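This briefing covers the strands, the helix packing and the pockets of one chain. Please have the sequence and the structure at hand while reading.

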Amino acid sequence: MGAIISDDSRRLLLVRRGRPPGEGLWSVPGGRVEPGESDAEAVVREVAEETGLTVSVGPLAGTVDRPGPGGVVYEIRDYLAEVVGGVLVPGDDAADARWFDLGELPRLPLVSGLLDALTGWGVIGPPPGSTATG
């Protein structure tokens, strides 16, 4: 489960993973849903742990399946969320947390499939130079 968080300048909040899987790569904040926890509760908890920010959870943006160790497949549900408090500071397993302009995303070392998922869900537009037509 993850959180797609934009600010008033349409920048996207990303965290650089401090531990495997994806150590050193940028991703949306998120993590595991604990037993007895709803997705929304997990989003609020994970965002606070990784970024120091408090969020209000919105609708589901999309779902992807990602391979894990030992042949396990994780279903990852990403939700739109809005910052309602806190101060941005990386924490927990995040090595860094920053706001990025959407145009910067294609040049960042992102976790596999993130840019395609965000584009496919309509969260961001097609990458510059794309031949996508309406």
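Two strands count as paired if DSSP finds at least two bridges between them. With that cut-off in place, Gly62 has Asp78 in β5 as its bridge partner. The model described here is predicted. Over residues 1-124 the chain is 16% helix and 39% strand, and the C-alpha atoms at the two ends are 19 Å apart. The strands discussed below belong to two open sheets, one in the order β1-β5-β4 and one in the order β3-β2-β6.

**Record**

- An unreviewed UniProt entry carries the annotation "domain: Nudix hydrolase" for residues 1-124.

**Sheet β1-β5-β4**

- This open sheet is built from three strands, and its pairing is mixed.
- The edge positions are taken by β1 (2-5) and β4 (53-67); each has a single partner strand, so one side of each is left without a neighbour in the sheet.
- On average, neighbouring strands of this sheet are turned by 30 degrees against each other, direction ignored.
- The parallel part is the pairing of β1 with β5 (residues 73-86), which extends over four bridges.
- Two positions of β1 and β5 can be located directly: Ala3 has Tyr79 as its bridge partner in β5, and Ile4 stands opposite Leu80 in β5.
- The antiparallel part is the pairing of β4 with β5, joined by 12 bridges.
- Val55 has Val83 of β5 as its bridge partner, and the pair of Gly62 with Asp78 in β5 was given above.
- A hairpin is formed by β4 and β5, with five residues between the two strands. In its turn, Gly70 has a positive phi of about 70 degrees.

**Helix on the sheet**

- Helix α1 (residues 39-51) lies across β1, β4 and β5.
- The helix runs at about 105 degrees to β4.

**Sheet β3-β2-β6**

- This open sheet also has three strands, and here the pairing is antiparallel.
- At the edges stand β3 (26-27) and β6 (94-100), each with a single partner strand, so one side of each is left without a neighbour in the sheet.
- Strand β2 (residues 12-17) pairs with β3 over two bridges in the antiparallel sense.
- Arg16 has Trp26 in β3 as its bridge partner.

**Largest pocket**

- The largest pocket holds about 970 Å³ of space.
- It is lined by 35 residues, of which Arg17, Pro21, Gly31, Tyr74 and Ile76 are the closest to its centre.
- Two or more lining residues come from each of α1, β4, β5 and α2 (114-120).
- The most is given by β5, with five residues.
- Sorted by class, the lining has 15 nonpolar, eight polar and 12 charged residues.

**Second largest pocket**

- The second largest pocket contains about 260 Å³ of space.
- Among its 14 lining residues, those closest to the centre are Ile5, Ser6, Asp7, Ala81 and Glu82.
- The elements giving two or more residues to this lining are β1 and β5.
- Again β5 gives the most, here with four residues.
- The lining of the second largest pocket divides into nine nonpolar residues, one polar residue and four charged residues.

**Points to carry away**

- Strand β5 pairs with β1 in the parallel sense and with β4 in the antiparallel sense.
- Strand β5 also gives the most to the lining of the largest pocket and to that of the second largest pocket.
- Helix α1 lies across the strands β1, β4 and β5 and is among the elements that give two or more residues to the lining of the largest pocket.

Conventions: Residues are numbered from 1 along each chain as its sequence is written. This is a predicted model: local features need pLDDT of at least 70, side-chain atom pairs count only at pLDDT 80 or more; totals for chains, interfaces and linings use all residues. Side-chain values use heavy atoms; hydrogens and water are left out. Axes are lines fitted to C-alpha atoms, for helices over the stretch in contact, and angles run from 0 to 180 degrees between N-to-C directions. Contact means heavy atoms within 4.5 Å. UniProt positions are given in the numbering used here, feature names are shortened, and annotations may be inferred rather than shown by experiment. On a 1 Å grid over the protein atoms alone, a cavity is a set of points where a 1.4 Å probe fits but cannot get out, and a pocket is an open set with protein on both sides within 12 Å along at least five of seven lines; lining residues have an atom within 4 Å of a point. Grid points are joined across faces, edges and corners, and a volume is the space filled by probe spheres set on the points. Ala, Val, Leu, Ile, Met, Phe, Trp, Tyr, Cys and Pro count as nonpolar, Asp, Glu, Lys and Arg as charged, and the others, Gly among them, as polar.
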